[in-house]
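Reader: Hey, got a minute to walk me through this one? Show me the structure and then we can pick it apart.

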Amino acid sequence: MNLSFRAIVSDWQDLATTPSIGITPAGNAYKPPAPTNLTGIIDIDGNIQLFWEYSNTFSPYDNSQESVTFEISINGIRTLTSNTKDVLYLVNDRTTDGLTPPLNVTVWAVSSVVGKGYSLIDSVNPTLIPD
């Protein structure tokens, strides 16, 4: 969303000849809300899949012009990105990072229009899924 305005700073300026200044609002009202309900499962190989819920009904923009991705930080060590409401944290990456559950996870929705939104911060102890 682009807006424009004209700033009149003195009595002698004419509104008709004052140039317009364009702005793109990026205030808190436009930030994507935090995802909710973070959960996780761990498979027999040790890969962890994290899930969350998200609704982008916040958007004042035409949804066809905006996309939302997710940025996920795990214990402040590993950053992952996802285009869906889940992400896979591979056992090889966990081994490299030296992390075992529970994990401290932060998830942000990132709007293609206004950038990073509010975060969901939670501790996740994934449940083991049987073979």
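Author: Sure, one definition up front: two strands pair if DSSP finds at least two bridges between them. This is a predicted model, where local features need pLDDT of at least 70 and side-chain atom pairs count only at pLDDT 80 or more, while totals for chains, interfaces and linings use all residues. Residues are numbered from 1 along each chain as its sequence is written, and side-chain values use heavy atoms, with hydrogens and water left out.

Reader: Ok, so what is the bridge partner of Ile42 in E10?

Author: Leu128 is the partner of Ile42 there. Strand E3 (residues 36-42) and E10 pair in the parallel sense, over two bridges.

Reader: And which strands form the open sheet, in what order?

Author: The order is E7-E4-E3-E10, four strands with mixed pairing. Strand E7 (86-89) and strand E10 (127-128) are the edge strands, each pairing on one side only.

Reader: Zooming out, what does the secondary structure of the protein chain come to?

Author: One helix and 10 strands. Those are DSSP runs numbered from the N terminus, with helices (H or I) of at least four residues and strands (E) of at least two. From the N terminus on, the elements go β-β-β-β-β-β-β-α-β-β-β.

Reader: How much of the chain counts as buried?

Author: 32% of the 131 residues. Buried means under 20% relative accessible area, exposed over 50%, and partly exposed in between, using a 1.4 Å probe and protein chains only.

Reader: Switching to rings: how many aromatic pairs does the count come to?

Author: Two aromatic pairs. Rings of Phe, Tyr and Trp (its six-membered ring) pair if their centres lie within 6.5 Å; planes under 30 degrees apart count as stacked, over 60 as edge-to-face and the rest as tilted. Tyr54 and Phe70 make an edge-to-face pair, at 5.2 Å centre to centre with 80° between the planes. Tyr54 lies in the loop between strand E4 (48-53) and strand E5 (68-74) and Phe70 in strand E5, so the pair ties together parts 16 residues apart in sequence.

Reader: Is Tyr54 buried or exposed?

Author: Buried, with a relative accessible area of 14%. Phe70 is buried too, at 4%. Trp52, Tyr54 and Phe70 form one aromatic cluster.

Reader: Last one: where does the charged end of Lys116 sit?

Author: Over the ring of Trp108, 4.1 Å from its centre. Lys31 lies over the face of Tyr118, 4.6 Å from the ring centre. The rule there is NZ of Lys or CZ of Arg within 6 Å of the ring centre and within 35 degrees of the ring normal.
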